[in-house]
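Hello,

Here is the structure I promised to pass on to you. Please open it beside this email and follow along as you read.

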Amino acid sequence: MIKKIALTLIKNVGHVTAKALLSHFGSPERIFEASREELMEVPGVGMLTAREILSKASFRIAEQQMAFIGRNGVRVLFYTDDDYPKRLRNCDDAPVLLYYKGNANLNRPRMISVVGTRNATEYGRQICRELAVALAPYDVTIVSGMAYGIDIAAHQESLNANVPTIGVLAHGLDRIYPSGHFGVAQKMIADGGLITEFPLFTSPEKENFPKRNRIIAGMTDATIVVEAAAKGGALITADIANSYARDVYAFPGRTTDRSSSGCNFLIKTNQAGLISCAEDLIHNLGWQPTRSVEKAKATQVQLPLDLLPEEQSLMGCLAKGPLDIDQIALKIALPQSKIVLHLLNLEMNGLITALPGKSYRIS
C-alpha cells in the first residue's frame, strides 16, 4: 500500500503520468524497481522525474499517511481496486488513488450528485428536502461537495430522509472544511462517507475545488443543479458532467432571481434538462422503487397513538412534502383557525417544523 500512495506523491507526477507508468510497468512495485533508463522510456518522464522516483522521497510522506490511515479508519482506493468508484474510473482524468472514510457502497446502482450555490435560498433548501424524501424509496446515494448552501443542504436532508450521502472534499481527510459542518460530516461517516483525492494534511486551497468537482460529476449517473448563479462551481460541475456524457438536470427559477440565473442558462442553452420535481427526475432516469426500500418505508413513520384524528390527517398531508396553510386547507375539510391550532400542537410536540411563508414539514 505504501508504494501505491508513494506513486501519487512523487513531485511533478500527476494522474496522466502515473497511469502511463503503471501501464508501462504493470505495478507500483515495478516502477520503483526500474532503472533511470527504463523510467525515461515512458512518455512524459524526463531525467528530473526519473531522479525523483529513484530518490524514493515520496516514501517518507507515504509512511506518515499510513500512520494516520491506520489510526482513523481511512480506506485507500487504488484505481484498479474492485471497490474504486467504477463510474469515475471510466473518466480519463480519474484520480489514481482516493482516500475514503465511511460505509456507503461507492458503486451503488443509483447515484446522483446535487450541486448549487453557496448562497442558497429557502426555495433551494426546500428542493433539496423534497428531493431526498422523494428519492428515499429508490435506493439512491446522493453525492455533493460539503460546501455552504445547497451542498450541505443536500447532505443534511439526505440524512434526515435516511438516504446515504457522500461528501467529496477539496482537502485531506484530517480536517473538515468548513469547520461548522463537522457535525454533519460525522453523521455522514455513519451513513454514507467522505472521499477525497487529496493526501492527508492538504489544505482547502482555492484551486482544489474545481478538481474536486470532477469527482462529484464522475462518481454519479446524473448531476442535479438546484440553485446556481451565472458563474460558480455548480456550473463547472455541470459542464464536467456533460463532458463525461452524464445526464444533467436543473431546477428553473424566476428570471429575476440571481441565485437561479445559472440554472436558467443551463436549461436555455440545452446543457441541462428542465425538471420541476423529483418525479421528473425519476421518470427521466427510468427508475422503479426497490422492494427493500419499500419494505423499510412501511415502518419509517411511527405516529404517536394519542394524536387526534385531525392531527393524524395533517401528518398524512405533510408526509409527501412541505405545504403551506392554504394548501393544507384545500386537502382537509377544517377551518383554517382549527388547522393553525392543530399545527401548533404538532410543532410543540416536535413532530413538524415551521418554515418561512407559513409552510410546514415533518421534522
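**Cavities and pockets**

The structure, which is a predicted model, holds two cavities of 30 Å³ or more. Let's begin with these and then turn to the pockets.

**The largest cavity**

The space in the largest cavity comes to about 50 Å³. If you would like to find this cavity on your screen, look for its lining residues: Arg-118, Gly-145, Met-146, Ala-147, Val-168, Leu-169, Ala-170, His-171, Tyr-177, Pro-178, Phe-209 and Arg-212. By class, eight residues of this lining are nonpolar, two are polar and two are charged.

**The second largest cavity**

About 30 Å³ of space lies in the second largest cavity. Its lining is made of Val-114, Cys-128, Leu-131, Ala-132, Ile-142, Ala-154 and Ser-158. Helix 8 and helix 9 are the elements that give two or more residues to this lining. Which of the elements gives the most? That is helix 8, with three residues. Sorted by class, the lining of the second largest cavity has six nonpolar residues, one polar residue and no charged ones.

**The largest pocket**

Now for the pockets. The largest pocket has a volume of about 860 Å³. How many residues line the largest pocket? There are 31, and those nearest the centre of the pocket are Val-133, Leu-318, Ala-319, Lys-320 and Gly-321.

Several elements each supply at least two residues of the lining of the largest pocket: helix 8 (122-135), helix 9 (150-160), helix 14 (278-285), strand 10 (323-324) and strand 12 (359-362). Helix 8 turns up once more here, as it gives the most to the lining of this pocket, with five residues. The lining of the largest pocket divides into 15 nonpolar, eight polar and eight charged residues.

**The second largest pocket**

The second largest pocket has a volume of about 530 Å³. It is lined by 26 residues, and the closest to its centre are Gly-116, Arg-118, Gly-232, Gly-233 and Ala-234. You may recognise Arg-118, which also lines the largest cavity.

Two helices, helix 11 (208-218) and helix 12 (233-243), each supply at least two residues of the lining of the second largest pocket. This lining has eleven nonpolar, nine polar and six charged residues.

A good way to start is to colour the lining residues of one cavity or pocket at a time. Enjoy exploring!

Best wishes

Methods:
Residues numbered from 1 in each chain as written. Predicted model: local features only at pLDDT ≥ 70, side-chain atom pairs only at ≥ 80, totals over all residues. Heavy atoms only, no water. 1 Å grid on protein atoms, 1.4 Å probe; cavity = no way out; pocket = protein on both sides within 12 Å on 5 of 7 lines; lining within 4 Å. Points joined across faces, edges and corners; volume = space filled by probe spheres on them. Helix = DSSP H or I, 4+ residues; strand = E, 2+ residues; numbered from the N terminus. Nonpolar A, V, L, I, M, F, W, Y, C, P; charged D, E, K, R; others polar.
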